Amino acid sequence: MTDIIDRPTGGVAEEPRRGEGAATEDGLTPYLAPLTVPPVLRPASGDVLHETEIAQRPTWVRLHPQLPPTLMWGYDGQVPGPTIEVRRGQRIRIAWTNRIPKGSEFPVTAVEVPVRPQGTPPATTEPGRGGAEPNKDVEALPAWLVTHLHGAQTGGGNDGWADNAVAFGDAQLSEYPNDHQAVQWWYHDHAMNITRWNVMTGLFGTYLLRDDEEDALRLPAGEREIPLMIADRNLDTDEDGRLNGRLLHKTVIVVPENPETHKPVTVPFTGPYTTVNGRIWPYAEVDDAWYRFRLVNASNARIYNLVLIDEDGNPVPGIVHQIGSDGGLLPRPVPVDFDEALPTLAAAPAERFDLLVDFRGLDGRRLRLVDKGPNQPPGVPDPEGDVRYPAVMEFRVRCGGETDTFELPEVLSGSFRRITHDIRHEHRLIVLTPPGTKGGGGHPESWEMTEVENPEGLQLPADGIIQITDAHGVTKTYRRTARTFNDGLGFTVVEGSYEQWSFLNLSRIPPVTHPMHIHLADFQALGRDAYDVSGFDPAVGGTRTPVRYDAGTTLPLAPNELGSKDTYRVPGGQMLRIMGRFDGAYGRFMYHCHLLEHEDMGMMRPFVVLPAEVQKFDHGAGHGGHDGHDGDHTG
Ligand SMILES: [Cu+2]
């Protein structure tokens, strides 16, 4: 049987204390709604033939006490969905069942508005459509859903392949072996072309895997372990300008000066209102004790720079420690002191942060988690950027009554092993192109590159040919072997093997950070290198002069990036090198940018994992990244 346990909400106050934060110009008072904690669902254990049904259903959610209810879609009719909790090695089967009746209203209104001149607040920071006509094609969308368990090692058939979405009444049957160290995964919709709207409806939830190593640390648990799913949203307004509660996907479109040579570019979604566990700017009452927060950025595209501040707006050092990241526990705790030096809580979509916060001695205090705009002190709005309201949530510390004797462990994961470059491995090179690159339809793309062994005869510059001068001064020539999702298979990976994937981001004006996510495998960062990417000409789609390693700029890896991860920020002008092992499952998987607008618009590619014995019989050339053919496509 499925065991659903309702936990008390994270902070139940008798009465929300009004007037503590001034209402915004939109009429919403920050820190008015108590934080809610999703119920825990422990799937049937011991009998893998017993499936646990989790159904997507329409639901009405009060995002804020001063708003009318919002139509959303939620797993088990809840936003976020239930927190699924399993133990290592407990194999489970979930029937993700679409129970959103045919003809249901799509919960998101989508509009595109023109970009505004620099120096004025971006239109996306304001609620309402501003007169823009809703996209009728989005209004007409059916509930076409597929669920991906982000981070999980499971066969390609269970992973939530984006094309294999199901309609009303059908179920996606997925088996999860859970043979993994203790970890925080999360599940969310992944339907081809429309993930950005499906996830915005509310289709996401937390998945926690436990093991003995984690148990032995005796970390804060029960009511003192709280998932925090952070997601920004926008809301529509009525004719009179009042918020009507309806979800609004408002994006900015940049129309080029010369529409004959350049296509319009859609900027990924950001919105003015930050929700935590499905509430806008909630507060949580916490004891003066240690807490464990399992934080994930479930936003479409906002990259948060989270800072914990006190009543005077000053960062609070010394009480936040990161103990885990995407792939599980870090080897040792990493202090997060918000002092502008590394490390910070820069959280791109899909990145996870396992945080211990020490509220001892803070009885009576109010601390706030805020999103720091790039040009302002923490807690202050950024009028020219997209941080209209920095608020995320508030912690109200109360006396817990007894002394918390928990001590921060010095070593967290004794089983953690650092992967080094001397291990036998395969190389892959993926180039992330700027929006407006020739042939890209206005969108950034992820190009799979293959080295050209005899580049002497090439006429350069040429579309799809990129030269790179590396740290040793050696220049190599690469040709593009794939650029969009439906191009032929490029990467065939032998199960159990290690691979180094290098992502080179060619964006420059403006630099665009892409959080790259690879399904199935856990990775470790080997390094980040700065590159002078000015030699790439988007109008050509290739380099005029080689993209060049910049020896003058060092980019150290932050200590909280050194654990296992599956999603990495790749800023413009940077090469990120990561190494991972593809083990535990076979099949066809995806890797992609986790800005959902980019993922939907082409920044996604397939890869296949096979047994070594089977790959020997591969009759095609599906070995992108190391086949070394001449660049005969370029003429
Ligand atoms: Cu991207």
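A salt bridge is counted here when a side-chain nitrogen of Lys or Arg lies within 4 Å of a carboxyl oxygen of Asp or Glu. One such pair is formed by Asp-326 and Lys-565, whose closest N and O atoms are 3.1 Å apart. This pair links distant parts of the chain, 239 residues apart: Asp-326 sits in the loop between β21 (320-325) and β22 (328-336), and Lys-565 in the loop between β37 (547-555) and β38 (567-570). The labels α and β follow DSSP runs numbered from the N terminus, with helices (H or I) of at least four residues and strands (E) of at least two.

The model described here is predicted; local features need a pLDDT of at least 70, side-chain atom pairs count only at pLDDT 80 or more, and totals for chains, interfaces and linings use all residues. Residues are numbered from 1 along each chain as its sequence is written, and side-chain values use heavy atoms, with hydrogens and water left out.

How confident is the predictor in the chain? The pLDDT, which gives the predictor's confidence in each residue from 0 to 100, has a mean of 91 over the chain, and 93% of the residues reach 70 or more. Over residues 1-19, however, the pLDDT is below 50, although this stretch has 45 contacts in the model beyond near neighbours in sequence. The pLDDT is also below 50 over residues 625-635, a stretch with 28 contacts of that kind. A contact means heavy atoms within 4.5 Å. Where pLDDT is low, the predicted coordinates should not be read in detail.

Salt bridges deserve a further look. Side chains of opposite charge can pair when their charged atoms come close. A search of the whole structure finds 46 salt bridges. In one of them, Glu-225 pairs with Arg-292, with 3.4 Å between the closest N and O atoms. Glu-225 belongs to strand β12 (residues 225-233) and Arg-292 to strand β19 (residues 290-297), so the pair ties together parts that are 67 residues apart in sequence. Both Glu-225 and Arg-292 are buried; a residue is called buried under 20% relative accessible area, exposed over 50%, and partly exposed in between (1.4 Å probe, protein chains only). Asp-326 and Lys-565, the pair met at the start, are buried as well, with a relative accessible area of 0% for Asp-326 and 2% for Lys-565.

A further salt bridge joins Asp-529 to Arg-577, where the closest N and O atoms are 3.0 Å apart. Here strand β34 (residues 522-532) holds Asp-529 and strand β39 (residues 574-581) holds Arg-577, so parts 48 residues apart in sequence are tied together. Asp-529 is buried at 14%, whereas Arg-577, at 24% relative accessibility, counts as partly exposed. Shared partners also join Arg-42, Glu-85, Arg-210, Glu-214, Glu-225, Arg-292, Arg-294 and Asp-354 into one network of salt bridges.

Which protein atoms hold the place of donors to the copper ion? They are His-514 (ND1), Cys-593 (SG) and His-598 (ND1), lying 2.0 to 2.1 Å from the ion. Donors are N, O and S atoms within 2.8 Å of the metal (3.2 Å for Na, K and Ca), and sites may look incomplete, as water is not among the atoms. Along the chain, the donors follow the spacing H-x78-C-x4-H. Cys-593 is buried at 0% relative accessibility, and His-598 is buried with 5%.

The chain is divided into domain 1 (2-113 + 120-214), domain 2 (235-398) and domain 3 (426-615), with bounds that come from an automatic or database domain assignment. Taken over C-alpha atoms, the centres of domain 1 and domain 3 are separated by 30 Å. Their contact takes 25 residues from domain 1 and 24 residues from domain 3. The two domains bury about 1,800 Å² between them, 56% of it on carbon and sulfur atoms; this buried area is the accessible area (1.4 Å probe) that two parts lose on being put together, summed over both. In domain 1, Gln-153, Trp-161 and Arg-196 lose the most area to domain 3, together 33% of what that side buries. One salt bridge is counted between domain 1 and domain 3. Arg-196 forms a salt bridge with Asp-600, the closest N and O atoms being 2.8 Å apart.

Finally, Ser-446 lies in strand β28 (residues 446-451) and is buried at 0% relative accessibility. Not counting residues up to four places away in sequence, Ser-446 touches residues including Ile-430, Ala-482 and Met-603.
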